[in-house]
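Please open your viewer and get ready to make a few selections. We will go from the overall fold to some individual side chains.

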Amino acid sequence: MSDPGNYAGSTDRSIGQLVASATAEMSALVHDEIALAKAEVRQDVRRGAIGSIAFVAAGVFALFSIPVLSFAAAYGIHNLGLGLAWSFLIVGTAFIALGLLLAVLGIRKFKKVKPPEKSIASAKQTAAVLQKAKPHPRPSIEAAAIIERSAVSGSSLAKKDVEGGSGRDKAGSVARSST
């Protein structure tokens, strides 16, 4: 015959099976929440990386291209008949405008970065559920109660222990070994 407590649909599961099931479910829940947090953070890191790249590009354009291109553009404008000082002012303003445009693009990308809201909400919900779940303490069985039960049932071990004067110590060891 098969034991009715061993199949998955049993409602009379042992405490060990319940603890194993709860542990497996808790582990799966934690793994799922970590995966959700990773997915959200990965998306926000991608947005932040694009924003950072825009800032780096703005810096590169501002620092390296200004001296070279400004001279070329200024002398080109000067050849059109405008004074040399005005030509350099126009070119410098154009490069600063380009740098500001890239900085605005970077700021917009950084504003789209959000905290992992789904993960935070799920973690708060899990914490709320776990706070409501209180463990049920096991009642402690005193050695004297074990001796009484053993004496009533006629156990020879309990009689020997009580007669030998070490009833409390042996009963405590019996209680520890039975758990």
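Here is a short tour of this predicted model, with its aromatic pairs as the main stops.

**The whole chain.** Start with a cartoon view: you will find 6 helices and 0 strands, running α-α-α-α-α-α from the N terminus. Now switch on the surface. The protein exposes about 13,700 Å², and carbon and sulfur atoms supply 66% of that area. Of its 179 residues, 18% are buried. If you draw contacts between residues at least 6 apart in sequence, 63% of them join residues at least 24 apart.

**The aromatic pairs.** How many aromatic pairs does the structure hold? There are 3. Select Phe55 and Phe110 next: their ring centres are 5.7 Å apart and their planes meet at 25 degrees, so this pair is stacked. Phe55 sits in helix H1 (residues 15-79) and Phe110 in helix H2 (residues 84-111), so the pair ties together parts that are 55 residues apart in sequence. Colour by accessibility and both come up as partly exposed, Phe55 at 32% and Phe110 at 35%.

**A second link between H1 and H2.** Move on to Tyr75 and Phe88. Here the ring centres lie 5.8 Å apart with the planes at 80 degrees, so the pair is edge-to-face. Tyr75 belongs to helix H1 and Phe88 to helix H2, so this pair ties together parts 13 residues apart in sequence. Tyr75 is partly exposed at 42% relative accessibility, and Phe88 is partly exposed at 26%.

**Last stop.** Keep Tyr75 and Phe88 selected and add Phe71: ring pairs link these residues into a cluster.

Technical notes. Residues are numbered from 1 along each chain as its sequence is written. This is a predicted model: local features need pLDDT of at least 70, side-chain atom pairs count only at pLDDT 80 or more; totals for chains, interfaces and linings use all residues. Side-chain values use heavy atoms; hydrogens and water are left out. Helices (H or I, at least four residues) and strands (E, at least two) are DSSP runs, numbered from the N terminus. Buried means under 20% relative accessible area, exposed over 50%, partly exposed in between (1.4 Å probe, protein chains only). Contact means heavy atoms within 4.5 Å. Accessible areas come from the Shrake-Rupley method with a 1.4 Å probe; for residues, only the protein chains shown count as cover. Rings of Phe, Tyr and Trp (its six-membered ring) pair if their centres lie within 6.5 Å; planes under 30 degrees apart count as stacked, over 60 as edge-to-face and the rest as tilted.
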